[in-house]
Structure formats: structure tokens, C-alpha cells
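Visitor: I've got a model open on my screen and some words I keep tripping over. Can you walk me through them?

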Amino acid sequence: MAPFRDVEMSTLGLKEESLAQGSSWSMREPSYAGPRRTPMVQRWFDSFRRDPNARITPIPVITSFDDRDRHDEDGMSGPTDLALHDPRSRHYFDMHAANLSTANTLLARELKGRHLQMIAIGGSIGTGLFVASGKSLNYGGPASLLIAYGFIGIMLYCTVQALGELAVTFPIAGSFSAYSTRFLDPAWGFAMGWNYALQWMIVLPLEIVAASITVGYWNSQINRAVFVSIFLFTIVIINLFGVKGYGEAEFVFAIVKITAVIGFILLGVVINIGGFPNDGYIGGKYWHNPGAFHNGFKGLCSVLVTAAFAFAGTELVGLAAAETVNPRKSLPTAIKQVFWRITLFYIVALTLVGLLVPYNHPKLLGAKSMADASASPFVIAIESAGIDVLPGVMNSVILVAVISVGNSAVFGSSRTLAALADQRQAPRILGYVDRRGRPLVAIVIASLVGLLGYLGDLDQQSDVLNWLLAVSGLSSIFTWGSICMAHIRFRRAWAAKHHSLDELAFRSQAGLAGSWVGLSFNVLVLIAQFWTAAWPIAPPAALTGGSEYQMAVPSAVQNFFLQYLAVPIVATFYFSYKLWFRTSIIRTKDIDIDTGRRDFNLPILIAHENDEQKSWPLWKKIYRFLC
């Protein structure tokens, strides 16, 4: 009845005001029209305003408890940006405040299980698989291609299992950088956060340029800047719809990519058995001539980083944990499905690519960059079979794939930047969150970096793309290695504080040994990349002269930095922060395993699940273990 009483009082006020002004008033009571509605346009603009009580984390949480006590004693109230009162505040990192800040996220929890599953299965399938695999095939041959992708696949399986355990236990903002800060060293967390944010910010223009190049398959006369504008605008709009918009877009994109890969596998089997128009049965012919390996062991090593680039983005599942409705239920399923993604979408598809496309195919030699879709071995295989329509369809899928990865780039970089800001490891303005739970300033900054895509219209397009790739090429290796190290330190601290593994909501199927395997493999990739960067493979003759595919070959020094640029970038971040804040490696006894930990009423849930699983048939038990 309260709303009606309010209307009656307001009506009485209007009557009194009208009578005081000498005007007439109808004795008929006005009908109740409900609350006043805000115009749609105004509501839309209001959604971009800051909620005074909301950031990636609440401002009162960011400061330590002692700071808040002093804050209250000073007679101040409400959320205010406070500097640390510690006299060493300019050179002091408050670990407890950082852990609290990442644990109390105010991001909108709108991602559901189906979103996470599609992000895990197909979220990062893009130029790394469809296009860059052509360069890998050319440098190492089909056998090296499978070995390298299988090697990275094993490494990533172990890494993602470790990430799943951490993300289910600690579904916090910032994810990887926050784990590095909490379990390893704040300086390393700072380096990993900026390394990851920079990686995705650079991937955005790279993917946009790749999309504009792909459109050239149908019409190469239109200026690419037109398509750069269209694709960048599309990606920004999707991210402005918030995490729900990102999740729904990725759900659709992943279905398209998964359908295309499965379709290519089926088509590839048919082509391999039926042969090309001018040839008969293909089988393993190209494994004998020109051969299974190219450039020997160095060729294999050169493929490893390209393979890592293809898998980049799988860890986004962990970053999305902070915005998931029920991470305890959704994340384990998504994590387990990485196995099927590695096996089906990479190993099987690339096996067929190696059977259908020889490593010395002219179009592979003519690739101007890793974003050049004309050198996609998937497209080459279909064109060689003489199928007129399907190459265009495959290029359309590649176009969807690169837009999808660009979409993920804005999501990954914006969330990482915002979390860094609220840990005081980035400018505070990046922590701006609007009323719909979007880190708006971080999204805008990440989107502005996409303007570098206009450089793709230059004559030196291949140089621009190669340098962009150099910044992000090895970044994933550092991220994955840090996840494995964080998991190892977490397990050590967990045991030191007398907790059992049965208390964990999700346990890595690879276990602690898997994290050691993942860490070791990451180190081996860094060593292999250093070797191939310092002593590179000689370029094919077709690239150095006497061919329509002639292009400039970088000098030895230039080639080294093109291959290894991420290492000095990470080192600069790490040592500069460490010297300024004088941080040290976190001792096992000081590791915080309580702040932000979700227990989920675990004993009750596990007992209920065990009772339910007793009635399952054997096939369902196996399926749920794997998926």
C-alpha cells in the first residue's frame, strides 16, 4: 500500500499548490500510473557512470584494516581513494590488502556452464591453428608439426589442470597475476599481470589485420582500413555488452569454429582416400616426398613457439572464474574438456593437414606473415582438391575465428588491467567499473590499442605484424609456467598448514607431478626458442630472390629480437618493480591460503555427489571423469 500512499500525498500536494495559485482542480482522482520510468537513452548513459561503491574490488577493501581504522578515526566516511599511511608507502607492497582486493570482486557473475565449456573448447581457436600452422608445417615438416603440437598439448593439459584447481579454490579477479603475487613474489605477479595484459592488447590489432587480410580473398581492391574499422567496432560493441555479451558471442563463435574443424576432418579423410583431381589415393605420400621432417631437430624446435601461440587463450577459463555464476560446478567440466580440444581439434586436424599439404607447397612459402590467411594449410588442402565453394567457406570460418580471438583479447586484457589497478600495480583509473559491472576504462584502453590495426595498410605490413607478434609470441609460455609454479607453491603451503587434498573442491587430474612436467616443458620451450633465435634456420630460396614470393629477410640481431622480445620485456617489468618495492619471494609459512578461498560447504556437497554417483552406470562414470 505504500506506493499508493505516496501517490495520494503527492496528489494532495499538487492540489494545494494549484489552489494556492488560484487555478481550478478537477475533483476526479488521477489513476495510478506506477513509478516514473527513466527514458531508455538516459538509462543507457547512466549505465556507464560509476557506481560509487563499486570497482573491480570495493575501495575500503583495497586498503589494509589499519588504514581503514585510521580512516574512520579521522572522521571520514564512504569510499575514498586512500594512499597507504605507512611511511614507506612509496616503496611498500601490502600483500594482505592485495589478497583482499582480488578476493572481493564486484564484477558481474553472469557466465554459465555452457559459456565456459565453449570458451575452453573453442575459445582461442584462431589464426594460430588455421593460419600459423602453415608456417610450422613449412619450417618443420608434418612430423615436427605433430610432435610440437603434441608436446605443447601435454604441457597445456597439465597447466590447465593446475589452473582449474587454483581457480575453483580461489575464483578471484586477476587470476594468473594474482596467483603469482600471492604464492610466488609480488614483483613476479606484477610482471605476469602486465605481460598478460600486453600480450592480449597486442593480439587485438594482430587479429584485426588478419581479418582484413582474409576479406581480401573475395575483394582485394577495397582499402583494408575500412574492414579494420568494421571489425574493431564490432569487437568493442560486443565487450560493451558486458561479460554476458562476451560469453554469448564466444558461445556462437565457438560453435562455428568447432563445426568447421569437425567438417574439415571429415572432408580431409575423404580427400585423402579419394585423392586430388589429377592424382589418385594420397595416403602418406607427402611424408615420403618431400618428407616427414624439414630442417632436422632445429626445425622441430622452431615450431614449438608457433604451437604455443596456437594454444594461447585456453587459460581464459581461469580468468573468467571471477565472473562465473557457479565456478565449483562449471569450471571442472570446462577444464576437463581441454583434453578433447587438444586431441580432436589440433592433433587430428593437423595430422590431416600434414597428409594433404606438402611442407614445400608454393603458397606456404609465399606467406607474408602469420596473419596471411591465403597461406592457411586448411584452405590450401581444399583448393588442391578442386572444390570451388569450400575455400570461401573456410575463409569465412577463419574470419569468424580471428574476430573471436580479438573479442577474447579485449576481455582478457581489460580484466587483467583492472585487477592490476586495484592491487595498486597499475594506474587507479583502470579500476573504474560502471554500474553494469564493466571495467569501462580498461576496456577503452584495450580497444584503443586496436587502432594499431590501421598500420596493416602500410607497405611494410609484414614487418608491422611480425613485430606485434614478437611482443606476444612467448608471453603465454611465461603465463603457463607461472601457473604451474603457483600450483606447486600452493600445494606446499596447503600441506604445511595441515590441510588434506580431500578438502579441495577440485583436484588436478595431473596432480603435483603434472605441474612439475608443465613447468619443465615451459622451460624447455624457452631454451629451444633461444637456440633457434640466436642461430636461425636459413630461409628458403624462394624468400631471398628469384621468385614471385620474394621478401625481405631480417638480419641476425633483428631475427633474435623478433623471436625473443618477450624475455627482456618480462625481465624489465620484474626487476624494476622488485627494486622499487624491495619485494622478496613469499616464504611457504607466509603464503595466504585462506583469503578468498571458497569452501562451497564441501563435505555436504561431496557426500551428496558420492551418493548420486553410486547409481551411475559405468559409461557415465568414465564420461564424467573425462568430461
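Guide: Sure, and let's start with a term: a nonpolar core is a set of buried residues such as Leu, Phe or Trp, joined through side-chain atoms within 4.5 Å. Keep in mind that this is a predicted model.

Visitor: Which residues touch the most other members of the largest nonpolar core?

Guide: Those are F130, Y149, I152, Y179, F183 and W480, in a core of 155 residues. Helix 10 (residues 186-215) gives the most to this core, namely 16 residues. There's also a second, separate core of 7 residues, with I202, L468, L562 and L565 among them.

Visitor: What does Y179 touch, leaving out residues up to four places away in sequence?

Guide: Its partners are L163, L166, A167, F170, I172, L184 and A486.

Visitor: Why is helix 8 called oblique to helix 23?

Guide: Look at the angle: the axes of helix 8 (residues 132-169) and helix 23 (residues 475-496) cross at roughly 50 degrees and come within 9 Å. Under 35 degrees would count as roughly parallel, and roughly perpendicular runs from 65 to 115. The angle of roughly 50 degrees fits neither range, so helix 8 is oblique to helix 23. As for handedness, this crossing is left-handed.

Visitor: What kinds of residues make up the contact of helix 8 with helix 23?

Guide: They divide into 12 nonpolar, 3 polar and 2 charged. On the helix 8 side you'll find I152, L156 and E165, among others, and they belong to a contact that includes W480, H487 and R491 in helix 23.

Visitor: How do you know that A312 is buried?

Guide: Buried means under 20% relative accessible area. A312 has 9%, so A312 is buried. You'll find A312 in the loop between helix 14 (296-311) and helix 15 (316-319). A312 and I125 are 187 residues apart in sequence, yet their C-alpha atoms are 8.7 Å apart in space.

Visitor: What makes R424 partly exposed, and H498 exposed?

Guide: Exposed means over 50%, and partly exposed lies between that and the 20% limit for buried. R424 has a relative accessible area of 26%, so R424 is partly exposed. H498 has 74%, so H498 is exposed. R424 has a positive phi of about 60 degrees although it isn't a glycine, and H498, also not a glycine, has a positive phi near 65 degrees.

Visitor: Where is the cis peptide bond from N289 to P290, and what's its omega?

Guide: P290 sits in helix 13 (residues 285-291), and omega for that cis bond is near 15 degrees.

Note on methods:
Residues numbered from 1 in each chain as written. Predicted model: local features only at pLDDT ≥ 70, side-chain atom pairs only at ≥ 80, totals over all residues. Heavy atoms only, no water. Buried < 20%, exposed > 50% of the residue type's maximum accessible area, 1.4 Å probe, protein only. Helix = DSSP H or I, 4+ residues; strand = E, 2+ residues; numbered from the N terminus. Contact = heavy atoms within 4.5 Å. Axes fitted to C-alpha atoms, helices over the stretch in contact; angles between N-to-C directions. Parallel < 35°, antiparallel > 145°, perpendicular 65-115°, else oblique. Left-handed = near helix turned anticlockwise from the far one by under 90°. Nonpolar A, V, L, I, M, F, W, Y, C, P; charged D, E, K, R; others polar.
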